[in-house]
Amino acid sequence: MFPQISTLGLTLVTALFSGCSSVMGGNPWGTWVLYQSELCLAPGIETGVTWISDTTALASFYAKPGQSRLAPPQHPMLDFSRQVAVVIRMGAKPTTGYRITLLDTEWKDETLWVRVEQESPLPGAWVQKRTTAPCLVLGLPRVPLIAVEDNTGQKLGFITP
C-alpha cells in the first residue's frame, strides 16, 4: 500500500526533485532561459551579448531569416518595464557540439552577474561538419547593470538597460 500524498505535498516533492526548475528557475533574481540553440542566429555572428529592449524587438529576433525553426518561448511574455531579454552568443563554430548553458546569477556590487558555461565538443566526439552559431536567450530583471561572464571568469559583455 502507498501512503496518501496531498497535492501540496506532491508539489513540494516535485519541486525538490526538479531543483525548482520553474519559469523562474528557482532563481531569486527571476532569471530564466527563454531559448537555447546551437544555431541561433545566422552563422558569422560575432561572440557577444545583446540586449532586447521590447516585445517588437523580441518578436523580430525570432522572425530573422534563417531562424525559421525558432519558436517564440512558451514562458509568459516579459514585462519590459521590469524585465529584459538578453542574447548571449558564442559566434560561428565549425561543427556541431557547441552550446551555452546558464550556470547561475548573483547580485553583487549593484550588478547582476550572469554566469554561463561555453561548452565545446569533447575530443573524439562525433560531430557534423557544418557551421553553427550557439546562443542562449535569457529573461532577466531590469537592473542598472548586467554583467555576463563564463565559468572561467572571462567577461563576455555588460548591459545597462
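One open sheet of this predicted model has four strands in the order β4-β5-β7-β8, with mixed pairing, where strands (E, at least two residues) and helices (H or I, at least four residues) are DSSP runs numbered from the N terminus, and two strands pair if DSSP finds at least two bridges between them. Strands β4 and β8 (155-159) stand at the edges of this sheet, each with a single partner strand, so one side of each is left without a neighbour in the sheet. On average, and with direction ignored, neighbouring strands here are turned by 20 degrees against each other, the axes being lines fitted to C-alpha atoms (for helices over the stretch in contact) and the angles running from 0 to 180 degrees between N-to-C directions.

The model is predicted, so local features need pLDDT of at least 70 and side-chain atom pairs count only at pLDDT 80 or more, while totals for chains, interfaces and linings use all residues. Residues are numbered from 1 along each chain as its sequence is written, and side-chain values use heavy atoms, with hydrogens and water left out.

Within the sheet described above, β4 and β5 run antiparallel and are joined by nine bridges; Thr 105 has Val 114 in β5 as its bridge partner. The loop between β4 (99-108) and β5 (111-119) holds Asp 109, and Glu 110 is found in the loop between these strands as well. Most residues other than glycine have a negative phi, whereas the two loop residues in the table have positive values. Exposed here means over 50% relative accessible area, buried under 20%, and partly exposed in between (1.4 Å probe, protein chains only).

| Residue | Phi | Relative accessible area |
|---|---|---|
| Asp 109 | near 55 degrees | 67%, exposed |
| Glu 110 | about 60 degrees | 57%, exposed |

A further open sheet of four strands has the order β1-β6-β3-β2, with antiparallel pairing. Its edge strands are β1 (32-37) and β2 (48-52), each of which pairs on one side only, and neighbouring strands of this sheet are turned by 20 degrees against each other on average, direction ignored. Strand β3 (residues 83-89) and strand β6 (residues 135-141) run antiparallel and are joined by seven bridges, with Val 86 standing opposite Leu 138 in β6. Helix α2 (residues 55-62) lies across β1, β2, β3 and β6 and runs at about 130 degrees to β2, contact being defined as heavy atoms within 4.5 Å.
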